[in-house]
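Okay, everybody, thanks for coming. Let me put the structure up, and then I'll walk you through it.

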Amino acid sequence: MRFLTICLLAALTGLFTTSCKRLEAKLDRLARLAGITTPGEEVAKKKAEPVLTPEQQALEAKVLNSAVFEAAKPEEVAPKATAFELNKSSVVAILGYHDFKERGGSPMVIAASKFAEQMKAIKESGIPVIPLSDVLEWRKGRKNIPEEAIVITMDDGWEGVYTHAYPVLKEHGFPFTIYLYKKYVNIGGRSLSWEQIREMMKHGCEVGSHSVSHESLRNKRGRTDADQQLWLLGELKDSKEFLEKNLGIACTSFAYPFGIFDDSTMELAMQLGYETLVTVNNQKVTWDSPMGKLGRYIIHGESDTNFKLATSFRGRGDVASNHFLTASAKDEQGNLLVELSPAPEELVKDRQPTIQAKLARLGTILPETLKMRVGGMGTVPANYDPASMSVTYRLPYRLRREDCAVTLSFKRAADQPDEVVSWRFKVDLAAAYAPAKLP
Ligand SMILES: [Zn+2]
């Protein structure tokens with residue numbers, strides 16, 4: 001039937017080409033409606049195609065063949081490039097410490113035991129500690145970081161970093177960054193030695209610059225503008241090269257001495273190759289934070305205020321309060337206090353899993369205070385079943401990230417503060433591409 005129509009149209013077109021343009025147009029229209037290519041169109045198509053050399057033709061044939069072959073093959077393996085979705089909702093708290101001593105506590109010196117307590121509280125909160133370089137990778141769009149994360153930094157290069165802080169950080173597997181100034185590296189006394197620095201670098205320590213002299217970068221000391229510019233260049237550039245040469249690293253982070261800087265200093269530093277620059281302004285780092293002035297909380301030895309501010313995320317209590325329930329907390333019989341599904345750190349193959357928390361072992365909770373947050377989605381409408389005391393939420397779409405963070409908060413009684421359980425599970429993005437099993 002189709003063949004006949006083509007023949008008929010072709011014959012008609014042939015007959016009337018010279019005489020009747022209107023009829024030709026009408027036939028074309030009819031043919032298009034019927035889904036048929038008219039001879040006129042065929043000619044136009046052929047003309048539009050470029051003439052290929054024999055080599056090009058051979059190559060094209062090869063490409064076409066393999067394309068057909070690929071298309072016919074069932075999709076058995078995950079595509080090489082897994083769908084990567086950047087999570088721009090992450091929030092990072094950068095903590096800044098200075099010196100550590102056995103006892104005591106002043107704004108710039110913290111007692112070793114207090115530091116150990118703080119690190120334990122972070123560990124138990126389940127909020128991951130990440131290296132500063134991960135924040136940079138995230139901001140460059142190359143990788144995701146957890147929904148909420150902590151970065152630990154220490155300024156000035158005191159030996160106390162090695163003797164008191166480093167053993168604790170190493171025990172927890174926490175990465176950290178030390179900011180050193182050229183005039184106080186490996187000079188004896190209470191300064192860190194190259195040997196100590198190199199040893200720490202083998203266990204998660206990154207090194208950034210803290211200038212040459214540790215003077216405020218806005219201090220002119222009677223220098224002319226030209227001299228000031230030269231001096232500034234030295235403070236930024238010499239200190240960078242000094243660390244790079246001695247440690248064999250790329251030094252891309254800078255901590256402003258006393259947190260003091262201005263925009264022109266920041267621009268100069270970035271021109272010289274610094275990519276992350278930290279201040280002391282008690283602000284968390286988000287997707288929108290300028291890399292030339294990343295917020296940081298200086299943790300004082302004699303006051304917990306800044307540690308509390310730094311470790312409370314999105315209005316939740318800080319990690320040092322007793323309201324953080326560890327996902328691994330158990331009752332007297334050794335049963336998990338809250339049963340979580342997917343379990344913490346579990347690798348799930350279902351990209352659209354149901355998230356569930358069974359709270360029966362907690363005794364009572366106030367259902368109206370329940371709030372579940374899912375990384376990248378914010379607060380979600382989870383269901384609560386009072387009979388089993390379980391909170392359930394089925395994800396509305398398939399996860400496209402390899403990591404999913406969940407936070408559940410609730411009150412046990414009206415006069416009690418919020419309690420928080422947070423955990424993460426991993427998604428096997430590759431497995432989700434495997435063909436479904438045949439019945
Ligand atoms: Zn300093």
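Let's begin at Gly141, which sits just after helix α6 and has a positive phi of about 80°. When I say helix or strand, I mean DSSP runs, H or I over at least four residues for helices and E over at least two for strands, numbered from the N terminus. Before going on, two housekeeping points. Residue numbers start from 1 along each chain as its sequence is written. And this is a predicted model, where local features need pLDDT of at least 70, side-chain atom pairs count only at pLDDT 80 or more, and totals for chains, interfaces and linings use all residues.

So, back to α6, residues 132-139. Which of its residues are buried? Those are Leu132, Val135, Trp138 and Arg139. Buried here means 20 or more other C-beta atoms within 10 Å of the residue's own; exposed means 12 or fewer, partly exposed is in between, and the C-beta atoms are placed from the backbone. The four cover an arc of only 110° around the axis, which puts them on the same side of α6. That arc is taken from the directions from the helix axis to the C-beta atoms. As a reminder, an α-helix has 3.6 residues a turn, so residues three or four places apart point the same way.

What do those buried residues pack against? They pack against β1 (91-97), β5 (148-155), β6 (176-180), β7 (205-209), β8 (253-255) and β9 (276-278). Contact means that two C-beta atoms, placed from the backbone, lie within 7 Å.

Let's pick out β6 from that list. Five of its five residues are buried. On one side you have Phe176, Ile178 and Leu180, and on the other Thr177 and Tyr179, so both faces are covered. On the pairing side, β6 runs parallel to β5 over three bridges, with Thr153 and Thr177 as bridge partners. Strands count as paired if DSSP finds at least two bridges between them. To get from β5 to β6 the chain goes through helix α7 (residues 159-172), and this β-α-β crossover is right-handed. Right-handed means that, with the strands pointing away from the viewer, the path from the first strand over the helix to the second runs clockwise. β6 also pairs with β7, again in the parallel sense, over five bridges; there, Ile178 has Val207 as its partner. Helix α8 (residues 194-201) links into this too: β6, α8 and β7 make a right-handed β-α-β unit.

Next, a three-stranded open sheet. Its order is β2-β4-β3, and the pairing is mixed. At the edges are β2 (99-101) and β3 (105-106), each pairing on one side only. β3 and β4 (residues 109-111) run antiparallel and are joined by two bridges, and Ser106 is partnered with Val109. Helix α5 (residues 112-125) packs on this sheet, touching β2, β3 and β4, and its direction makes about 75° with that of β4. Those angles run from 0 to 180 degrees between N-to-C directions, using lines fitted to C-alpha atoms, for helices over the stretch in contact.

Further along there's an antiparallel open sheet of four strands, in the order β12-β14-β18-β17. Its edge strands are β12 (339-341) and β17 (383-385). Ignoring direction, neighbouring strands are turned by 15° against each other on average. β17 pairs with β18 (residues 390-394) over three bridges, and one partnership is Asn383 with Thr392.

Then there's β15 (residues 371-374). It pairs antiparallel with β19 (residues 403-410) over four bridges, and with β16 (residues 378-380) over three. The hairpin of β15 and β16 has three residues between the strands, and Gly376 in it takes a positive phi near 85°.

Buried or exposed: what about Lys330? Lys330 is exposed, with 12 other C-beta atoms within 10 Å. You'll find it in the loop between β11 (324-325) and β12.

Last, confidence. pLDDT is the predictor's confidence in each residue, from 0 to 100. The chain averages 83, and 79% of the residues score at least 70. Over residues 7-20, though, the pLDDT is below 50, and over residues 63-76 it stays under 50 as well. Where pLDDT is low, the predicted coordinates should not be read in detail.
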